[in-house]
Amino acid sequence: MPTPSLAALPIRRLTLRDLRACADLSEDRGWEREEHKWGFLLTAGKGYGIDDPRGGLVAACVVTEYGSWERPELGAVGMVLVAERHARQGVGRRLMRHVVSVMGTTPLTLHATPYGRPLYEELGFKVTGRAEMLTGTFTPDTTEYGVPTRAATAEDLPAILRLDEEVFGADRTPLITRLPAFADQLRVAEEDGRIIGYTAAWPNMDTHVIGPLIARDTSTAKALVVALAAGTDRPLRTDIDVRHEELLAWAKARGLASVAFNSVMSYGITELPGDWTRRFAPLTVAAG
C-alpha cells in the first residue's frame, strides 16, 4: 500500500492518550520530553496533530483559549512541532493555517523562536513584544522588599482569578484553577489583606519554571521570586518581558543567565490586552 502524501494526512484533535507521542515529538526535535507540561496543556487546551502512518506524530500544536466558553476572547498557540523527517515540507504551515481557520475571528498570540518567526509572519502574525528566557541557579537574596508573601490557599483562588483576569485581560479560569495541581509552589503577595501579586513554580525536567509572575510592581515581583527560590534546590527558568528591565538586571545579578529571546506575536489584534506593567512572566510561553 503506498504511503499517503503529507498533504493528504488528516489533522485531528489530540487527547491525553497522545501524551507519549507528543513527548516523543519533542525529543525528536531536540527538546526535552516535557511530559508534565504536555499533559497540562492537553488538558487545559486543545491539541491538534497529524498522525504518521509509520507511527507517532508528523506534527502537533496546542491552542489554549481564554474568555467565555461560548466566545473566546484570545487563543494562545504553543508547542508547534514538526518531526525532523518531515521538516521543511509545508507541514507546519498547513497545521497553523488549520488553527487560524478553526479559531475564526478569535485573536491569537504566540511566542516565536527566530526559526519559527518567518512562518508566522507569512501567516499574518505581527511582532508585538519580546521575552527573554533566563535560567540558572538563583543566588539567595536577603534584601527586605517590604512585601510579605505566603503560600496560597484554596481560599485565595477567587482573588487570584480576579487579579489574573484584570492583568491578563481575559478570563483564564480553566488554566489558573489547574495551577495548584500542576505547580510545586503557588504563592501570593499581600498588602492590607489584599492580594497584589501571585506566582508559581512548576517542575519541568530538572528545573523549576517560574510562571505566571503577576505583581503590582518590580519590588513585589522580586519578593515573590525570592520566596519561590527559597523553596527549591533546582535551577530556575523563566521568560521575562524585556520591558521589565529592572527585574531582568536583578535576576541576572542573582545568577540567572540569558539563553534565548522569543518574539511575542499576535494575529487579529495590534497588541495584547491587559496590563503589561504587572505581567512579568507567562505561565509558559506555550499558553501565555
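## Strand pairing

Two strands pair if DSSP finds at least two bridges between them. Keep that rule in mind for this predicted model. Six bridges join strand S6 to strand S11, so the pair passes the cut-off of at least two. S11 covers residues 236–241. The two strands run antiparallel. Look along S6 for Glu132: this residue stands opposite Ile240 in S11.

S6 itself covers residues 126–136. It also pairs with strand S12, residues 257–267. Nine bridges connect S6 and S12, again in the antiparallel sense. Here Gly129 of the S6 pairing stands opposite Val264 in S12. One general point helps when you look at strands. In a regular strand the side chains alternate between the two faces of the sheet.

## Salt bridges across the chain

How many salt bridges does a search of the whole structure find? The count is 23. Three of them are described below, beginning with a pair from two strands.

Arg150 and Glu190 meet through their side chains in a salt bridge, at 3.0 Å from N to O. This pair links distant parts of the chain. Arg150 sits in strand S7, residues 149–151. Glu190 sits in strand S8, residues 185–191. The two residues are 40 residues apart. Are they buried or exposed? Neither: Arg150 has 26% relative accessibility and counts as partly exposed. Glu190 is partly exposed as well, at 23%.

## A bridge between helices

Now turn to Glu246 and Lys222. Their side chains form a salt bridge of 3.1 Å, N to O. Glu246 lies in helix H9 (residues 245–253) and Lys222 in helix H8 (residues 218–230), so the bridge ties together parts 24 residues apart in sequence.

The two partners fall into separate accessibility classes. Glu246 has a relative accessible area of 48%, so this residue is partly exposed. Lys222 has 10%, which is under the 20% cut-off, so Lys222 is buried.

## A salt-bridge network

Which residues do salt bridges with shared partners join into one network? They are Asp24, Glu27, Arg33 and Glu35.

One link in this group is the salt bridge between Arg33 and Glu35. Their closest N and O atoms are 3.0 Å apart. Glu35 is partly exposed, because its relative accessibility of 36% lies between the 20% and 50% cut-offs.

Conventions
Residues numbered from 1 in each chain as written. Predicted model: local features only at pLDDT ≥ 70, side-chain atom pairs only at ≥ 80, totals over all residues. Heavy atoms only, no water. Helix = DSSP H or I, 4+ residues; strand = E, 2+ residues; numbered from the N terminus. Salt bridge = Lys/Arg side-chain N within 4 Å of Asp/Glu carboxyl O. Buried < 20%, exposed > 50% of the residue type's maximum accessible area, 1.4 Å probe, protein only.
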